[in-house]
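Please walk me through this model in the viewer. Tell me what to select at each stop, and what I will find there.

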Amino acid sequence: RGTARVIDGKATASRVLEWVTARASELERAGTRPGIAVVIVGDDPASKVYVASKARAAEACGFHSITHRLPDATAQADLLALVGQLNGDPAIHGILVQLPLPGQLDASRVIGAISPEKDIDGFHALNAGRLWSGGGSDAFVPCTPAGAMLLIEQVHGRELAGLEAVVVGRSNIVGKPMAALLLAANATVAVAHSRTRDLREVCRRADILVAAVGRPRLIEGDWIKPGATVIDVGINRVEAPELGDGRTKLVGDVDYAAAVDVAGAATPVPGGVGPMTIAMLMANTLASAARSVG
Ligand code: GUN
């Protein structure tokens, strides 16, 4: 019992950030300091936390970093104007508009307005298309799935031929790009979701199970194939009566305590995929800055 290898995303993220920091300082000495612009609209509390930690990571890497905070009632035209200004700013190599956006704003139009060369989230249709059509070195890969792939690589290496991978969740941010990356590594990939019939049976086939649905502890121990690698992308805040008076804690989409008795390797929450997302965002920004030099 409790025999799964714990995949340490925090340690892996630290190594990525160390490498990014060293490369950023070389680039700066050669005349190009990597620059990132983060845009947040409104005051969603979770988004504020994420944006603050992105800015902190950028500064720790030695990047030029600016955060634009726009009011909840921002008009589409004003947001598009800011994106246009950042597209033309030579000090900015990466633009990130934090999602979700308030209801009056059209996220896909805003993402479509970001220059694909500065789209460090990899959400622009051109980058999504590049990813699905075999990449090319200029494709920006969405940060969370890119980070999850690095963790999978620690267990299985880069070649996943013969392995069955199941991705639970079909978002543009995680599920779909995750499936593209697993497929590119030659895994046999299924994408399951809320409308899948007998989700448990589909999950039980997986040698590599990636959970990205945002449902706390949806995936139970007997949904996991013995020895499987379980990658938990979920970050859900739940009540924690064991901690007393109305306290809360973060849990994943997987029942971790049950998973470690069955899985061969598993990512914890927190400390698994989460730290990798920000590390890969910094890596994408660095790559964009390096590319701008040619
Ligand atoms: N909201 C949740 N995850 C993300 C992300 O990776 N990027 C952006 N821009 N917004 C998000």
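The tour below goes from the domains to the sheets, then to the ligand and a few backbone details.

**Stop 1: the two domains**

Keep in mind that this is a predicted model. Start by colouring two ranges. The protein is divided into domain 1, residues 31-115, and domain 2, residues 142-274. Their centres, taken over C-alpha atoms, are 28 Å apart.

Now compare these ranges with the UniProt record. An unreviewed entry there places the feature "domain: Tetrahydrofolate dehydrogenase/cyclohydrolase catalytic" at residues 7-121. Select that span. Helix makes up 49% of residues 7-121 and strand 16%. The end C-alpha atoms of the span are 24 Å apart.

The unreviewed UniProt entry also places "domain: Tetrahydrofolate dehydrogenase/cyclohydrolase NAD(P)-binding" at residues 142-291. Select this span next. Residues 142-291 are 35% helix and 19% strand. Here the end C-alpha atoms lie 18 Å apart.

**Stop 2: the sheet of three strands**

Show the cartoon and select β2, β3 and β4. These three strands form an open sheet in the order β3-β2-β4, with parallel pairing. β3 (64-70) and β4 are the edge strands, each pairing on one side only. On average, neighbouring strands of this sheet are turned by 15 degrees against each other, direction ignored.

Zoom in on β2, residues 35-41. Strand β2 and β3 pair in the parallel sense over seven bridges. To see the register, pick Ala 37: Ile 66 in β3 stands opposite.

Add helix α3, residues 76-87. Helix α3 packs on the sheet and touches β2, β3 and β4. The direction of α3 makes about 175 degrees with that of β2.

**Stop 3: the sheet of six strands**

Move to the other sheet. Six strands form an open sheet in the order β1-β11-β8-β7-β5-β6, again with parallel pairing. Which are its edge strands? They are β1 (5-6) and β6 (188-192), and each pairs on one side only.

Select β8 (residues 229-232) and β11 (residues 265-266). They pair in the parallel sense over two bridges. Val 230 stands opposite Ala 266 in β11.

Next, show helix α7, residues 175-184. Helix α7 lies across β5 (164-168), β6 and β7 (208-211). Against β6, helix α7 runs at about 170 degrees.

**Stop 4: the ligand**

Show the ligand and the side chains around it. The surrounding residues are Leu 96, Val 97, Gln 98, Leu 99, Asp 121, Cys 143, Thr 144 and Ile 173. By type, the shell divides into five nonpolar residues, two polar and one charged.

Which elements each supply at least two residues of this shell? Colour β4 (94-97) and α6 (143-156) to see them.

Why does the ligand lie between the domains? Domain 1 and domain 2 both give residues to the shell, so the ligand lies between them.

**Stop 5: backbone details**

Finish with the backbone. Most residues other than glycine have a negative phi, and most peptide bonds are trans. Three places to check follow.

- Select Leu 99 and Pro 100. A cis peptide bond joins them, with omega about 0 degrees. Pro 100 is in the loop between β4 and α4 (107-113). Leu 99 was also listed at the previous stop, among the residues around the ligand.
- Select Val 269 and Pro 270. The peptide bond from Val 269 to Pro 270 is cis, with omega near -5 degrees. Look for Pro 270 in the loop between β11 and α10 (273-293).
- Select Asn 186. Asn 186 is not a glycine, yet has a positive phi of about 75 degrees. The loop between α7 and β6 holds Asn 186.

Conventions: Residues are numbered from 1 along each chain as its sequence is written. This is a predicted model: local features need pLDDT of at least 70, side-chain atom pairs count only at pLDDT 80 or more; totals for chains, interfaces and linings use all residues. A residue is near a molecule or strand if its C-beta atom, placed from the backbone, lies within 6 Å of it. Helices (H or I, at least four residues) and strands (E, at least two) are DSSP runs, numbered from the N terminus. Ala, Val, Leu, Ile, Met, Phe, Trp, Tyr, Cys and Pro count as nonpolar, Asp, Glu, Lys and Arg as charged, and the others, Gly among them, as polar. Domain bounds come from an automatic or database domain assignment. Two strands pair if DSSP finds at least two bridges between them. Two residues are in contact if their C-beta atoms, placed from the backbone, lie within 7 Å. Axes are lines fitted to C-alpha atoms, for helices over the stretch in contact, and angles run from 0 to 180 degrees between N-to-C directions. UniProt positions are given in the numbering used here, feature names are shortened, and annotations may be inferred rather than shown by experiment.
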